[in-house]
Amino acid sequence: MDRVLKLASQRAVVIFSVSSCCMCHTIKTLFCDLGVNQVIHELDQDPKGKEMERALVRLLGHNPPVPVVFIGGHLVGSTDKVMSLHLSGNLIPLLREAGAIWL
């Protein structure tokens with residue numbers, strides 16, 4: 001858990017993902033299209049990925065644990081939470097506040 005929280009706090013937007021996950025791809029594409037400089041941790045390509053995946057399951061309380069998005073070091077959640085924020089118009093202000101986008 002400590003590793004996940006440490007990585008999540010190092011940049012404005014941190015995404016924990018699995019390279020073969022279609023929902024992960026959707027979230028990464030959304031942030032890319034918004035011009036966000038995101039850090040992506042592909043759990044299936046990290047030697048400690050399984051350990052981080054278990055920590056994310058504990059943190060979220062459900063499986064599958066990806067994608068998981070942190071903005072400004074704070075847990076936002078998975079796809080449903082990110083899309084709800086985006087559709088309600090609250091994602092862009094949150095990204096601005098975290099320094100992830102400038103416009």
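## Briefing: a four-stranded sheet and its helices

The side chains of Ser-17 and Glu-42 are joined by a polar contact of 3.1 Å, a polar contact being a pair of N or O atoms within 3.5 Å in which, within protein, one must be able to donate a hydrogen and the other to accept it, while residues adjacent in sequence count only if both atoms are side-chain atoms. This is a predicted model, in which local features need pLDDT of at least 70 and side-chain atom pairs count only at pLDDT 80 or more, whereas totals for chains, interfaces and linings use all residues. Residues are numbered from 1 along each chain as its sequence is written, and side-chain values use heavy atoms, with hydrogens and water left out.

**Ser-17 and its surroundings**

- Ser-17 lies in strand S1, where helices (H or I, at least four residues) and strands (E, at least two) are DSSP runs numbered from the N terminus.
- At 0% relative accessibility Ser-17 counts as buried, a term that means under 20% relative accessible area, with exposed meaning over 50% and partly exposed in between (1.4 Å probe, protein chains only).
- The side chain of Ser-17 also makes a polar contact of 3.3 Å with the side chain of Lys-28.
- Leaving aside neighbours within four places in sequence, the residues in contact with Ser-17 include Cys-24, Ile-40, His-41 and Val-66, contact meaning heavy atoms within 4.5 Å.

**The sheet and the helices across it**

- Four strands form an open sheet of mixed pairing in the order S2-S1-S3-S4, two strands being paired if DSSP finds at least two bridges between them.
- S2 and S4 stand at the edges with a single partner strand each, so one side of each is left without a neighbour in the sheet.
- From one strand to the next the twist averages 25 degrees.
- S1 and S2 run parallel and are joined by four bridges, and Val-14 stands opposite Val-39 in S2.
- H2 lies across S1, S2 and S3, running at about 160 degrees to S1, with axes taken as lines fitted to C-alpha atoms, for helices over the stretch in contact, and angles running from 0 to 180 degrees between N-to-C directions.
- Helix H5 (residues 91-98) lies across S1, S3 and S4 and runs at about 55 degrees to S3.

**Helix H3 and the loop after it**

- In H3, the buried residues are Gly-49, Met-52, Ala-55, Leu-56 and Leu-60.
- These residues cover an arc of only 125 degrees around the axis, which puts them on the same side of H3; the arc is that of the directions from the helix axis to the C-beta atoms.
- What covers the buried residues of H3 includes helix H1 (2-8) and the strands S1 (13-17), S3 (68-71) and S4 (74-77), while the face turned away from the buried side carries the exposed residues Lys-50, Arg-54 and Arg-58.
- Just after H3, Gly-61 takes a positive phi of about 80 degrees.
- In the loop between H3 and S3, Pro-64 is joined to Asn-63 by a cis peptide bond with omega of about 0 degrees.
- Pro-67, found in the loop between H3 and S3, is joined to Val-66 by a cis peptide bond with omega of about -5 degrees.

**Asn-37**

- Asn-37 has its place in the loop between helix H2 (22-33) and strand S2 (39-42) and is exposed, with a relative accessible area of 51%.
- Beyond its neighbours within four places in sequence, Asn-37 is in contact with Arg-11, Val-13 and Ala-100.
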